[in-house]
Amino acid sequence: MRKHWIDNLRWTTVVLVLIYHVFYFYNNKGVFGGIGGFVDDPMKQPQDVVMYILYPWFMMLLFLVAGISARYSLEKHSAKEFIKSRTLKLLVPSTIGLFLFHWMTGYFNTRIANPFAGLPFIIRWLLYAVSGTGPLWFIQDLWLFSLLLVLVKKIDGRDRFCNWCSKTPSWMIILLGLLVWIGSQALIMHPRVESADGLYNLYKPLTYFIPFLLGYFVFSHDAVQEKVEKMHIPMLIFAVIACVALIWTGWGEDNTSPQFLSGWLNCLYAWLMILAMLGCFKARFDNTNKFATYMTQSSFGIYIVHYLIIAGLGTVLKEYTVLAPWAIYSILLVAVLLFSPALYEFMRRIPFVRWCVLGIKKENGSR
């Protein structure tokens with residue numbers, strides 16, 4: 001039987017990513033990317049609180065859910081079939097798709113600094129494509145993790161370790177948050193400007209591989225899911241308390257800096273919120289309807305295309321209008337929530353485009 005709560009949790013988190021990127025695009029906390037805030041003082045742009053609330057946990061949660069889904073997929077498909085499907089869905093859009101679609105995002109990403117001015121168009125197009133990776137780092141990481149998972153599964157060929165993990169007690173589930181903290185310590189605390197350190201800190205391979213493996217080995221089991229469900233209310237309460245403490249002590253800082261992310265309070269909040277979200281959706285959202293079914297099928301594609309809308313329209317609203325900030329946020333938020341599904345629906349109907357950008361072979365195929 002399909003677990004609708006996992007589907008609902010996944011697409012809901014994707015929607016939160018869209019909302020996060022609206023506020024991220026105009027942040028003034030020093031977070032890399034975007035086009036800057038509406039005031040210079042990082043203490044005086046309160047709407048940036050959305051980043052402090054969401055960023056610590058929502059991508060970790062997506063990787064953990066991806067690990068759960070990988071477990072279920074490998075129970076039904078061979079390793080070869082698994083890698084083939086993941087390559088189409090993840091690697092093709094994040095490589096070939098860059099040159100067909102995401103180069104436009106790269107144009108907006110580099111527009112202010114304009115480092116490619118004067119170069120021949122073909123060179124600029126290639127550089128724009130590379131610069132347009134944006135949120136696709138997530139599916140690039142996920143493809144790599146899928147390859148590594150196949151190797152890990154061969155080591156645990158009889159699933160002995162995985163079956164042992166099904167007996168994880170509630171207290172151990174909570175203490176697994178220590179692994180999140182350990183993973184955050186692998187970040188480069190003082191990245192060198194002229195190096196790949198910043199790129200490493202963006203992809204955070206160990207930080208995100210840990211929740212992916214936890215999803216596969218631990219949280220894919222019904223027994224563990226039931227334990228998380230039973231503790232969801234206290235986990236939510238403690239997560240809210242940790243969130244308030246994190247914002248109170250860290251307000252004004254770059255909430256994506258390695259120093260901030262590796263802090264014990266950030267990791268504690270992240271893990272508590274992950275457990276709370278898992279438990280809440282297991283307890284209250286294990287159902288579906290037409291809208292939820294559509295979002296389950298389409299959220300991945302919506303995630304892939306959404307950032308072009310933010311980068312394009314977000315730039316126009318700030319640079320070419322005199323609208324108040326609240327109006328700019330409102331327009332961009334509504335636009336990304338409405339136009340992203342529309343753009344996805346348009347693109348999935350174009351044969352070659354849907355393969356390159358969305359990883360879909362057929363219009364009525366898996367989305």
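Let's start with Trp125: at 23% relative accessibility, this residue counts as partly exposed, because that label covers everything between buried, under 20% relative accessible area, and exposed, over 50% (1.4 Å probe, protein chains only). Phe99 is partly exposed too, with a relative accessible area of 34%.

Quick caveat: this is a predicted model, where local features need pLDDT of at least 70, side-chain atom pairs count only at pLDDT 80 or more, and totals for chains, interfaces and linings use all residues. Residues are numbered from 1 along each chain as its sequence is written, and side-chain values use heavy atoms, with hydrogens and water left out.

Okay, rings. Phe, Tyr and Trp rings (the six-membered one for Trp) pair if their centres lie within 6.5 Å; planes under 30 degrees apart are stacked, over 60 edge-to-face, and the rest tilted. That rule gives 34 aromatic pairs. One of them is Trp57 with Phe58, edge-to-face at 6.5 Å centre to centre and 65 degrees between the planes. Both Trp57 and Phe58 are buried. Phe99 and Trp125 also pair edge-to-face, at 5.8 Å and 65 degrees. That pair links distant parts of the chain, 26 residues apart: Phe99 sits in helix H5 (residues 96-109) and Trp125 in helix H6 (residues 121-131). Helices here are DSSP runs (H or I, at least four residues), numbered from the N terminus.

And there's a cluster: ring pairs link Phe63, Trp137, Phe138, Phe145, Tyr208, Phe209, Phe212 and Tyr303.

Technical notes:
Helices (H or I, at least four residues) and strands (E, at least two) are DSSP runs, numbered from the N terminus.
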